[in-house]
Number of protein chains: 4
Amino acid sequence: MTGTWKTAITRIKPNEVRLRGYCIDELMGQASFAQVVYLALKGELPSPDVGRLMDAMLVSSIDHGVTPPSTQAARIAASTGAPLNAAIAAGVLSINKHHGGAIYDCMGTLAEVIRRANEAGQSLEAAGEALVGEYKAAKRKVAGFGHRVHTSDPRTAKLLALAHDLGLAGQGVAAVRAMEAAFAAGGRPLPVNVDGALAALLIDLAIPQALANAFFIMARVPGLVAQIYEEQTREAPMRHIDPRESEYDGPEPRTWRSSS
Amino acid sequence: MTGTWKTAITRIKPNEVRLRGYCIDELMGQASFAQVVYLALKGELPSPDVGRLMDAMLVSSIDHGVTPPSTQAARIAASTGAPLNAAIAAGVLSINKHHGGAIYDCMGTLAEVIRRANEAGQSLEAAGEALVGEYKAAKRKVAGFGHRVHTSDPRTAKLLALAHDLGLAGQGVAAVRAMEAAFAAGGRPLPVNVDGALAALLIDLAIPQALANAFFIMARVPGLVAQIYEEQTREAPMRHIDPRESEYDGPEPRTWRSSS
Amino acid sequence: MTGTWKTAITRIKPNEVRLRGYCIDELMGQASFAQVVYLALKGELPSPDVGRLMDAMLVSSIDHGVTPPSTQAARIAASTGAPLNAAIAAGVLSINKHHGGAIYDCMGTLAEVIRRANEAGQSLEAAGEALVGEYKAAKRKVAGFGHRVHTSDPRTAKLLALAHDLGLAGQGVAAVRAMEAAFAAGGRPLPVNVDGALAALLIDLAIPQALANAFFIMARVPGLVAQIYEEQTREAPMRHIDPRESEYDGPEPRTWRSSS
Amino acid sequence: MTGTWKTAITRIKPNEVRLRGYCIDELMGQASFAQVVYLALKGELPSPDVGRLMDAMLVSSIDHGVTPPSTQAARIAASTGAPLNAAIAAGVLSINKHHGGAIYDCMGTLAEVIRRANEAGQSLEAAGEALVGEYKAAKRKVAGFGHRVHTSDPRTAKLLALAHDLGLAGQGVAAVRAMEAAFAAGGRPLPVNVDGALAALLIDLAIPQALANAFFIMARVPGLVAQIYEEQTREAPMRHIDPRESEYDGPEPRTWRSSS
């Protein structure tokens, strides 16, 4: 019996694997992995510019050192002797509302700003200012703004500049800028962080909010792999892992210009 | 207290995030995600050609429909109401020796063929033939050869051709070809499958065998995300999920030529 | 530095392990595991009768054959070669709102019936009837009633009878009975199922609703272990696992009277 | 279609749930959860004495404070907002060779001592002394002996005494005692720890070595639940969790004599 439920992702036939209609072997060598991730999620291949933005977005979140809880959980699991996939899973299970989840929450906020502006015929600035006021009155934090370490996150600046340069900045980017301006106008400047920038771009790429957390996970899994592998190969098992006691001893600062 | 343990992956300073020495914001927009995955794992940026091969390798394994056990486990978890990250974790936990693990096992076999050839001053063909004979005598399967569905897997052909065209095919590719020839010579042709091709390329990229399974996981996570999201949005909860009863209803076969 | 955060569960000193104040070695041999589970969660040892009810509640949910999604996910992971703990984790990740979660939801419903009755000076019957009416009008299902397989679940009857006999049936049991009566009065009898009975007893034991799902998980993990071990020892790896194709070949029906 | 694969654990019929042949509702109220865990794993109900030992074994490992890696991983996941089941899974994934795994390894060692003694017609003492000598020569640690915190673990003493008093101490207990004596005779006394005691008892209960890790997991899951729930209810999200900075503030030392 076949045909009782449907899937629109991949069709397998003998000697043929098609993702969203395209032969995977045709995509290989032509499309970047980031482009094919977009295809898998959205059902259509991105334009080259959208593909380039996807690459940049995924690169922005690949790793953030040893302090994120997902990294700690993955290293702890690895330290007890977990195989690599189990340590990855422990890390992925630690990516939730309070770690990685700001992308999801900020997408919701930006969508609300955009909705209100459209419905009321308001500017995004006015709608953003109103929402910032409401959050302030309710003593609620707005996800996507401010950072524990970075006052001016270079990843944020690059993401927003890139979207602008590629002509892909839309209402999402405008809304996040409007919110940032509203914070500054309110006397307590709070810069967009990398989660806020990703939220803005995901809105402008029309990627569903339900995939916000997944986007972060897809980007971070390779970083977790690097961290787990380092734990497995550099450290003795069952050590106490305190991220505050770590010291970087990798390559010195260097720059790169791609020849591609 | 700092400095009691070392990490060589990422250095975080206020307003600066460096991966293996490079500012992440410098990589964004220039390097593909696949190139930065390579950087994270190997410590050095790949050449453009190696980056292109990495992209193709990751693309090759992004999804294989609804039958793989990792996809089934992820869909089952999603069907019970699991959040996306938990469903991903259930999928990742189902990528082990018997699913995805052929890459690891085949890397071991190819490394053994290469080692024997080098030590004995033999050709890879001779060493491969000897090893195939030993496996046959022991009635053991050789991982990386043969496929349940595909007799001539188009992903395999593309991976090996691409490595050849980019000048990146080395002893790994030669060894897998030698093994394939040995099977054919033994009267029971067994084609290289996509796991075998990936194993050969991972050897030629000098990526450690311990990361073989992780490579597959990094490639497959976005496919799992697409599958989980489809389950969450198209199906009622708690259904009985039989992959044999599924039918593809996505885009018709189509072709693509990148303008990039 | 010590003392920056607090824990009230276990105190470890050299040669002394105290759980909630009691030496674990004093509990061993005297208290049942179920009693100590209660102590761990609630902070106090249960009376012998409460301990006996806890044992019965955990026993009621230890296994339900090969069809539950948690069992399927655990067997699939095991079939790919996952170690036992990873297969358990895959199973636990499949215990959510739609599988196991009825206990949580039903606790909420019963608490609402009790609250309304108390606030309005109503009988539980009247409050239950009103709530059943509201759910019917909203075409919402009430968790904890009805079962796919069982019309009169023997585990339900035993749990409720035991609570009654031990003098532990309180407002929770009364509320679930009131709801059942309301369904019957409405012309569509819908029996309490095992989730509904557990929900009633958890309320009467004053175990927080937030632990409802955890209660089911604690009970089911040993069942998952048995299922995973059977998969590992009786079946070949990477088989297609269809629970509808399974057949029981264990011990014939038998009865037991404890001598304890 | 039915009957293509077999299961010997649970048979479900309408209004009947039988575990290993026994109606679950018959077991409820009569058998302790620990007894039914034994039934699920071994296929037969334990004698009351074996049931009592099972209870004590599970109680011995229910929790060991905030330092074990499984507890840390579970708390970290909880701190990021993970639902309870995902935090449990993160903890379970951190129970491996180097944490919890000593039970498995020690079972292997004890089985080896017993096998050698039986084959050579040696005493367990002689076989144990030889094995300790071999491990010492190879500078390998013997799992199940010595503890980071406890020099004389009260749980060990209680487990072994209980097995002795119940007449259940067999070759496993004798072998672990022989090993302990061999360490003492070698001039470096190394007491049996709780893992070693559990290993000895699992051998004497004829529970397969493959279930050693699972036994620890079944015992520890309720402890993880208590820890996760405490993290969720007492702490702010996304805190840095250092177990060395914790302080116990639960009930004062107290004693208990069961009236059951």
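These legends go with a few close-up views of a predicted model. Local features need pLDDT of at least 70 and side-chain atom pairs count only at pLDDT 80 or more, while totals for chains, interfaces and linings use all residues. Residues are numbered from 1 along each chain as its sequence is written, and side-chain values use heavy atoms, with hydrogens and water left out.

**View 1. Chain A by itself.** Here you're looking at 11 helices and five strands (DSSP runs: helices are H or I with at least four residues, strands are E with at least two, numbered from the N terminus). The C-alpha atoms fill a box of roughly 55 × 55 × 45 Å along the principal axes. Of the 260 residues in chain A, 62% are buried, meaning under 20% relative accessible area (1.4 Å probe, protein chains only).

**View 2. Helix 5 of chain A, under cover.** This helix spans residues 84-92, and nine of its nine residues are buried. Among them are Leu84(A), Asn85(A), Ile88(A) and Val92(A). What do the buried residues pack against? Within chain A, they meet helix 4 (69-79) and helix 11 (212-234). From chain B come helix 5 (84-92) and helix 11 (212-234), and chain D adds its own helix 5 (84-92).

**View 3. Chains A and B around their axis.** Turn chain B by 180 degrees with 0.0 Å of shift along the axis, and it lands on chain A with an RMSD of 0.0 Å (a least-squares fit on C-alpha atoms of residues with pLDDT of at least 70 in both copies). That's the relation of a two-fold axis. In chain B, the C-alpha nearest the axis belongs to Ala89(B), 2.4 Å from it. Both copies use the same surface: 99% of chain B's contact residues recur in chain A, where contact means heavy atoms within 4.5 Å.

Notes. Chains are lettered from A and ligands numbered from 1 in the order in which they are written. Buried means under 20% relative accessible area, exposed over 50%, partly exposed in between (1.4 Å probe, protein chains only).
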